[in-house]
Amino acid sequence: MTAPAADDLAADLGTRLGGTVRGLRRLSGGASRETWAFDLVRGDGALDELILRRDPPAAPRGGMPREAALLRAAASAGVPVPEVVDADEASIVVRRIAGETIPRKILRDPDYRDARRSLASQCGAILARVHTLGPGVVPGLEQVDQVDQWRAMLDVLGHPHPAFELALRWLHGNRPATAPPTLVHGDFRNGNLVVGPDGVRAVLDWELAHAGDPIEDLGWLCAKPWRFGVSLPVGGFGSYDDLVQAYEAEGGRTVDRDALHWWEVLATLKWGIMCIIQTTAHTSGALRSVELAALGRRVCETEWDLLEMLPGA
């Protein structure tokens, strides 16, 4: 964004929130939404440290009020989330939480050595709290058959990927028993967590939340793309046992390990197809982004991961 445009954004935020905006700066990361940090000085001199998340100019509008409602519902269930300050159709403002979100720093920096020992257990307990919320906690949460959904998506894209076809066939033929639906975060992973030396401080990015099987969230967290080069299966920082035992101890339902593997396979497939979608957004000219373009190379990595995960593949 050019300096004049940033100045306009700062002025709009000041009018909207009733104060003077200082230090407005765009943060890195986030392929689908923009993230800005700023300080708001109110008329009485009070200082608020805030974050603005907003849709890109060409993106559809309407998801931000729902995300604000999800954050408030999650907070009521004891889930650590940023406090919502304001939301409209295209953006949401929340209080800034100190901590790290970059996975490679969380997994490697000495400042987080102690935190890494408990992150998987903390994630299990947090997800158990998320899943106490019913699918109707926020109006309009959809539940779909995800195998059929991603089958249709791959067909629309028209890209030949035999490994994805093999995974879809296996997923269709090995479905776990249907569980009563709950709220599902949809993108609970390393990279969407604010982490401090004491562990998880906030869960971010609720835009993909929906109704569904709660084990979906556990499988997504365990998928290889979110380990960032570290062998530990849960986000690169913990074991399956750490995650599952904490989840069950906090009141989550009993986790069938075969079902967890099924959801991990589906998560890996979904990420591969998402990489095609996001790269296509760049190559088509709809949304030019080096980050989106770079995701194209991840497709073949995901194919390899699936072949290693599928029995007899």
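This short presentation covers the internal cavity and the cysteines of the structure shown above.

Good morning, colleagues. Please bear in mind that the model is predicted.

I begin with empty space in the interior. Rolling a probe the size of a water molecule over the atoms shows where empty space is left. In this structure, one cavity of 30 Å³ or more is found. The volume of the largest cavity is about 40 Å³. Which residues line the largest cavity? They are Glu216, Gly219, Trp220, Trp263, Leu266, Ala267 and Lys270. Two elements each give two or more residues to this lining, namely helix H8, spanning 215–222, and helix H10, spanning 257–283. Helix H10 supplies the largest share, with four residues. In chemical character, the lining of the largest cavity comprises four nonpolar residues, one polar residue and two charged residues.

I turn now to the cysteines. How many disulfides does the structure hold? The number is zero. Consider Cys123, which takes part in no disulfide. The nearest cysteine sulfur to that of Cys123 belongs to Cys222 and is 9.6 Å away. Is Cys123 buried or exposed? Cys123 counts as buried because its relative accessibility is 0%.

Cys275 is my second example. Why does its sulfur form no bond with the closest cysteine sulfur? That closest sulfur, in Cys300, lies 9.7 Å away, which is too far for a bond; the cut-off for a disulfide is a pair of cysteine sulfur atoms within 2.5 Å. Cys275 is also buried, with a relative accessible area of 0%.

To close, the two topics were a cavity lined in part by helices H8 and H10, and a structure with zero disulfides. Thank you for your attention.

Definitions and conventions. Residues numbered from 1 in each chain as written. Predicted model: local features only at pLDDT ≥ 70, side-chain atom pairs only at ≥ 80, totals over all residues. Heavy atoms only, no water. 1 Å grid on protein atoms, 1.4 Å probe; cavity = no way out; pocket = protein on both sides within 12 Å on 5 of 7 lines; lining within 4 Å. Points joined across faces, edges and corners; volume = space filled by probe spheres on them. Nonpolar A, V, L, I, M, F, W, Y, C, P; charged D, E, K, R; others polar. Buried < 20%, exposed > 50% of the residue type's maximum accessible area, 1.4 Å probe, protein only.
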